[in-house]
Amino acid sequence: MKIGVTKYPGTNNEQDVLRALSELNVKGILVKQYENKPLDDFDALIIAGGFSYGDYLRPGALAAQSPMMEELQHFVDSGRFVIGVCNGFQILCETKILPGVLTTNTSTKFISKWIYLKSENSNSPLLRNTNGKVLRLPIAHFDGRYYDKEKEIELLKSKNQVAFQYCDENGDITLESNPNGSVNNIAGITNSRGNVLGLMPHPERASFEYLGSKDGIQIFENLLEEIKC
Amino acid sequence: MVVYSGKAKDVIEVDEDSVKIVFRDSISAFDGIKKEEITDKGKINCLISTKLFEILNDYGFETHFIKKLTDTELMCKRVEILPVEVVCRNYSAGSLCKRYGLNKGIEFDVPLIEFFVKDDELHDPLITSDVAIVLGMIEKKEAILLEAITRAVNETLRKIFESISLILVDFKLEFGKTSNGRIVIADEISADTMRLWEKESGEIKDKDRYRQNLGDVIIHYKDIQERLEQIKSLPPLHLKSSVRVIIKLKESVLDPAGEVTLRSLKRKEFKNIEDVRVGKSSFLLFSETPSFALQEKIEKISRDILSNPLIENHSYEIYFGSDKLQV
Ligand SMILES: Nc1ncnc2c1ncn2[C@@H]1O[C@H](COP(=O)(O)OP(=O)(O)O)[C@@H](O)[C@H]1O
Ligand SMILES: [Mg+2]
């Protein structure tokens, strides 16, 4: 099983992702942008978070122009799994593999805190066993406000592509529980096929009890399960 | 089939995309009031045009010129000629002197660009780009591109003529749109469409000889053409284009940075401030001449990389040279 974990200049989450994978007895493979490793060698790819290329221009915009990302559409079309966390989600939107865009938080502040998430109605195998549950995960971003045109949001909803919404402790999706101003409290989405997941919260930082939550590990477990079968 | 017969040339349709332009010996001035036939004038102007178009094509300009068919015929891309022509002046002469009461021969630090309506009945009046845009003759983007291209052509031809001891005083360009919407330099670039003075003596070498009854028109035209033929290799000119790209958030998208700025401005003594939107600008420098192809490239860069069209709009302006980047 070969799971690639991307490393761009300016990203800083790849070690956390590798650690979460090793907790599940899988050794992830670091894919450095400048090594030009062919993506075809991998069974799945995790685009780790951070600030690729210093978030210059727009978060994810320059990473989206890299040779690796040019191959990504083909990789996705082949049905293999891709998870983009935080900056990884921003990259997936900039490559247009996922719809929409992540833009500046309404507070104009960098937000680093624990939030609650609810997964509903998604048909992606990456979200198995999360449906209806309230998960506790951390966020750490400046540009996490998910935006798309109303028509596109309706489409996302109707096609069951909204993976996660910010909610309160009780699982109620409220204005107060929306940390960054995302439309419809959207925290994560999938593509229509369900093999690509992008989310702003960090499941890898919620994969150990000693970090305060283990709610995130489920997503990686789902990924491994899918690759096995 | 002759699609157009003008004062000096005939345009003959070859196929959907190309025309044959035939240079006649007719010469005229003052909107056709004064006219005559001068033996070999068509041929000489055709040869001068050929040479100059070949030079411009070599430097990366987009022109309508495809190839020379005979000494009086050119194969060109068929275009729809834009209704404004562009004049570039390095020295005062002709209608500019008359219009503003200027002496002839004043050198301009920055070459002057003027637009004229191509309409003999109206006597080709001067037009501002604002009016040309409002009247729907050209788009704003086109006006900016035409100016940039004309300035680059000026820089190029000025150097070329300098190398054969001639001063390029001024010239006129016509532009056309090809069937797929590309803007190219069209018509002719010849002794009929520019002013050239002998470097040492200041002697007039161009159509002013005819306008002012100085005689020996064809002798001087021939001299220009022969000197141009002597040019064997083109000097490196390092033509550059600079571009300013402005990215703005769409009206429908919340701009947190703008809102915060607005609030703090309102807190201070700045009254009547209603809205602040914070955008981005980028300055790009290209080592190529302004052209429609460059505009396409910039469009792609602005749309696909510098902006995210979902939330941002872009606009850009193309200039000749690198000066405009030094803001
Ligand atoms: N590539 C081209 N395709 C179509 N028309 C052209 C092209 N190049 C020049 N023309 C037009 O053909 C005419 C050339 O003939 P000319 O004798 O100069 O006419 P005019 O009397 O209008 O100046 C001009 O009107 C010019 O705008
Ligand atoms: Mg003409």
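## Ligand 1 and its polar partners

The side chain of Lys9(B) places an N or O atom 2.6 Å from an oxygen atom of ligand 1. The model in which this pair occurs is a predicted one. Two further residues of chain B approach nitrogen atoms of the ligand. His64(B) does so through a polar side-chain atom, at 2.8 Å from a nitrogen atom of ligand 1. Val79(B) instead uses its backbone, with an N or O atom 3.2 Å from a nitrogen atom of ligand 1. The protein buries 90% of the 540 Å² that ligand 1 exposes when taken alone.

## The shell around the ligand

The surroundings of ligand 1 comprise 15 residues, of which Tyr4(B), Ala8(B), Lys9(B), Lys77(B) and Glu174(B) come nearest. Sorted by class, this shell around ligand 1 contains seven nonpolar, six charged and two polar residues. Two strands of chain B, S2 (9-15) and S3 (18-23), each contribute at least two residues to the shell.

## Lys9(B) and the salt bridges

Lys9(B), one of the residues that come nearest to ligand 1, also forms a salt bridge with Asp187(B), in which the closest N and O atoms are 3.0 Å apart. Lys9(B) belongs to strand S2 of chain B, whereas Asp187(B) sits in the loop between strand S13 (183-186) and strand S14 (194-198) of chain B, so the pair ties together parts that are 178 residues apart in sequence.

Side chains of opposite charge can pair when their charged atoms come close. Over all chains, the count of salt bridges comes to 43.

## The interface of chains A and B

Chain A and chain B each bring 15 residues to their contact. Between them the two chains bury about 1,300 Å², with 61% of this area on carbon and sulfur atoms. On the chain B side, Pro256(B), Ile305(B) and Leu310(B) supply 39% of the area that chain B buries against chain A, more than any other three residues.

One salt bridge is found across the interface of chain B and chain A. Its partners are Arg58(A) and Glu312(B), whose closest N and O atoms are 3.9 Å apart. Six residue pairs are in polar contact across the interface of these chains, counting pairs with both residues at pLDDT 80 or more. Helix H7 (256-267) and helix H8 (292-306) of chain B each supply at least two residues of the side that touches chain A. By class, that side of chain B has nine nonpolar residues, together with three polar and three charged ones.

Note on methods. Residues numbered from 1 in each chain as written. Chains lettered and ligands numbered in written order. Predicted model: local features only at pLDDT ≥ 70, side-chain atom pairs only at ≥ 80, totals over all residues. Heavy atoms only, no water. Contact = heavy atoms within 4.5 Å. Buried area = accessible area lost by both parts, 1.4 Å probe. Salt bridge = Lys/Arg side-chain N within 4 Å of Asp/Glu carboxyl O. Polar contact = N/O pair within 3.5 Å; in protein donor to acceptor, adjacent residues only side chain to side chain. Helix = DSSP H or I, 4+ residues; strand = E, 2+ residues; numbered from the N terminus. Nonpolar A, V, L, I, M, F, W, Y, C, P; charged D, E, K, R; others polar. Near = heavy atom within 4 Å. Areas by Shrake-Rupley, 256 points an atom, 1.4 Å probe, with all protein chains shown as cover.
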